[in-house]
Amino acid sequence: MRKKHQNRLGQQSGAQALLLLPIYAVALIFVLGPLLYMIYLSFMSRAQVWGFVNEFTLDNYAQMLEPMYLSTFAASLKLALTSTVLIILIGYPFGYFMARLSADWKRRMMLLIMLPFWTSSLIRLYGWIIVFRSNGTLDQLLMGLRITDRPLKLLYTYPAVVVGMIYALLPFMILAVYS
């Protein structure tokens, strides 16, 4: 009896493994395939106009040490670290206290967190442009409070990008901590 049960379990696990096979195949094709192709392309030479030539080179990796690329990498790393620290400082306490709320208030807070996901990213982006543009909503507020006397150029600045990153990624931090 026991042997029969073990045999049935072995057949079930084999069938389950076969059901997972398409998932693994798709992952290999659509994740590992493009990754290997990009690695291959990184060792090829650029064509004159567009594309690449099948000619092995290490020049692409040598160019990574040029000052322009290093400064771009440093700026990207600074942006990532700044936004990550601010997202942790805002999101962790919010998610923690949200988990301790009553069920009714949890639903309300979840609705507020999920609301941006229901809006088109293009509309959200345009909203941030309206807020940060010269003579925009933020400028009007700062001039109304007499903090500034003339419009500022905030759009496409580092602080505006950090605010946009926080706005886009904060719900993911809150939901992770909440769960």
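**Core, surface patch and salt bridges**

Leaving aside residues up to four places away in sequence, Ile 87 touches Tyr 92, Met 165, Ile 166, Leu 169, Leu 170 and Met 173. The model is a predicted one, and Ile 87 makes a handy way into its interior, since Ile 87 belongs to the largest nonpolar core. That core has 10 residues: along with Ile 87 there are Leu 79, Met 98, Met 109, Ile 113, Val 162, Ile 166, Leu 170, Met 173 and Ile 174. Three helices each put in at least two residues, namely H3 (67-99), H4 (103-114) and H7 (158-178). H7 gives the largest share of the core, with 5 residues. In soluble globular proteins, nonpolar side chains tend to be buried together. Back at Ile 87, its contacts Ile 166, Leu 170 and Met 173 are themselves listed in the core.

Not every nonpolar side chain is tucked away, though. A nonpolar patch sits on the surface, made of Leu 111, Leu 115, Phe 117, Trp 118, Leu 169 and Phe 172. Together these residues show about 600 Å² of accessible area. Leu 169 ties the two parts of the picture together: it is in the patch, and it also touches Ile 87. Trp 118, another patch member, is found in the loop between H4 and helix H5 (121-132). With a relative accessible area of 58%, Trp 118 counts as exposed because the cut-off is over 50%.

Turning to charged side chains, the structure holds 2 salt bridges. Asp 104 takes part in both pairings: with Arg 107 at 3.3 Å, N to O, and with Arg 108 at 3.0 Å, N to O. Asp 104, Arg 107 and Arg 108 are therefore linked in a network of salt bridges. The spacing along helix H4 goes with this arrangement. Arg 107 and Asp 104 are 3 residues apart in H4, so about one helical turn separates them. Asp 104 and Arg 108 are 4 residues apart in that helix, which again means a separation of about one helical turn.

As for how open these three residues are, Arg 107 is exposed, at 56% relative accessible area. Asp 104 counts as partly exposed at 35% relative accessibility, and Arg 108 is likewise partly exposed, at 39%. Helix H4 thus turns up in two settings: it supplies at least two residues of the nonpolar core, and it carries the salt-bridged pairs Arg 107 and Asp 104 and Asp 104 and Arg 108.

Note on methods. Residues numbered from 1 in each chain as written. Predicted model: local features only at pLDDT ≥ 70, side-chain atom pairs only at ≥ 80, totals over all residues. Heavy atoms only, no water. Core = buried A, V, L, I, M, F, W, Y, C linked by side-chain atoms within 4.5 Å. Buried < 20%, exposed > 50% of the residue type's maximum accessible area, 1.4 Å probe, protein only. Contact = heavy atoms within 4.5 Å. Patch = residues over 30% accessible without salt bridge, like charges linked within 9 Å, V, L, I, M, F, W, Y side chains within 5 Å. Areas by Shrake-Rupley, 256 points an atom, 1.4 Å probe, with all protein chains shown as cover. Salt bridge = Lys/Arg side-chain N within 4 Å of Asp/Glu carboxyl O.
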